[in-house]
Amino acid sequence: EGELRGGMTALALFDGESAAGWLELVMPTWQVKDGVIEGSCKDAAYICRTERHFEDDYDVRMDAKLVAEHPGPVFFALCPAYDGKDGHYTFGLLRGMLQFQENVGPDEDREVANVSPANLKQTFDAKGWNTFELRFRGKDVIALVNGEEVAREARAPGRRGTSRQRT
């Protein structure tokens, strides 16, 4: 935590030791282990999200890596919400592609970008640590992986955000 450029403040959402400040982070799907939140999500999609809500301009960032492969879609994502559980952006790895989408309702998704990691300037290894980031700035939402912009989307008026993470 601390002050950043432009008067913004960095806020750590995870203390590295406990599930304090997180919702839906329950065993055995989720556990805090060796300073990270680790998820075992082989049979379905599971969500853990922060208790704290965010609005206006903010960044949401997570460091993630694929620990083990299994049959079925491999997916982990950063999901800042703007109206609770249903309306949110999703940015992460799905079936080997970097996917950025808007989830506008319980059963309605809109793809913003679907990018092959091979198209990135930097080498991307899903089994190594990667930084996934969504930046909310004015009218834009910007998706980055390891500091490289992957996609940019116009933010609809009136959208507010809450930080949420899903793996």
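The following exercises, each with a worked solution, concern a strand pair and two residues of a predicted model.

**Exercise 1.** Work out in which order the strands of the open sheet are arranged, and which of them are the edge strands.

*Solution.* The open sheet consists of 4 strands in the order β7-β12-β13-β14, and their pairing is antiparallel. Strands β7 (58–64) and β14 (148–154) each pair on one side only, and they are accordingly the edge strands. From one strand to the next, the twist averages 15 degrees. Turning to the pair β13 and β14, one finds 6 bridges between these antiparallel strands, with β13 covering residues 140–145; one residue to look up is Asp140, whose bridge partner in β14 is Ala154.

**Exercise 2.** Determine what the side chain of Glu148 reaches, given that Glu148 is buried yet has no salt bridge.

*Solution.* Begin by placing Glu148 in strand β14. The nearest side chain of opposite charge belongs to Lys121 and lies 5.6 Å away, whereas a salt bridge requires a distance within 4 Å. The side chain of Glu148 does, however, reach the backbone nitrogen of Lys121 at 2.9 Å. Beyond four places in sequence, the residues that Glu148 touches are Leu120, Lys121, Gln122 and Ala143.

**Exercise 3.** Classify Asn146 by its relative accessibility, and find which residues it is in contact with beyond four places in sequence.

*Solution.* Asn146 sits in the loop between β13 and β14. Because its relative accessibility is 25%, Asn146 counts as partly exposed. Its contacts beyond four places in sequence are Gln122, Phe124, Trp129, Asn130 and Thr131. As a further step, take the C-alpha atoms of Asn146 and Thr123, which are separated by 9.6 Å although the residues are 23 residues apart along the chain.

Note on methods:
Residues numbered from 1 in each chain as written. Predicted model: local features only at pLDDT ≥ 70, side-chain atom pairs only at ≥ 80, totals over all residues. Heavy atoms only, no water. Pairing = 2+ DSSP bridges. Helix = DSSP H or I, 4+ residues; strand = E, 2+ residues; numbered from the N terminus. Axes fitted to C-alpha atoms, helices over the stretch in contact; angles between N-to-C directions. Buried < 20%, exposed > 50% of the residue type's maximum accessible area, 1.4 Å probe, protein only. Lys, Arg positive; Asp, Glu negative; His and termini not counted. Polar contact = N/O pair within 3.5 Å; in protein donor to acceptor, adjacent residues only side chain to side chain. Contact = heavy atoms within 4.5 Å.
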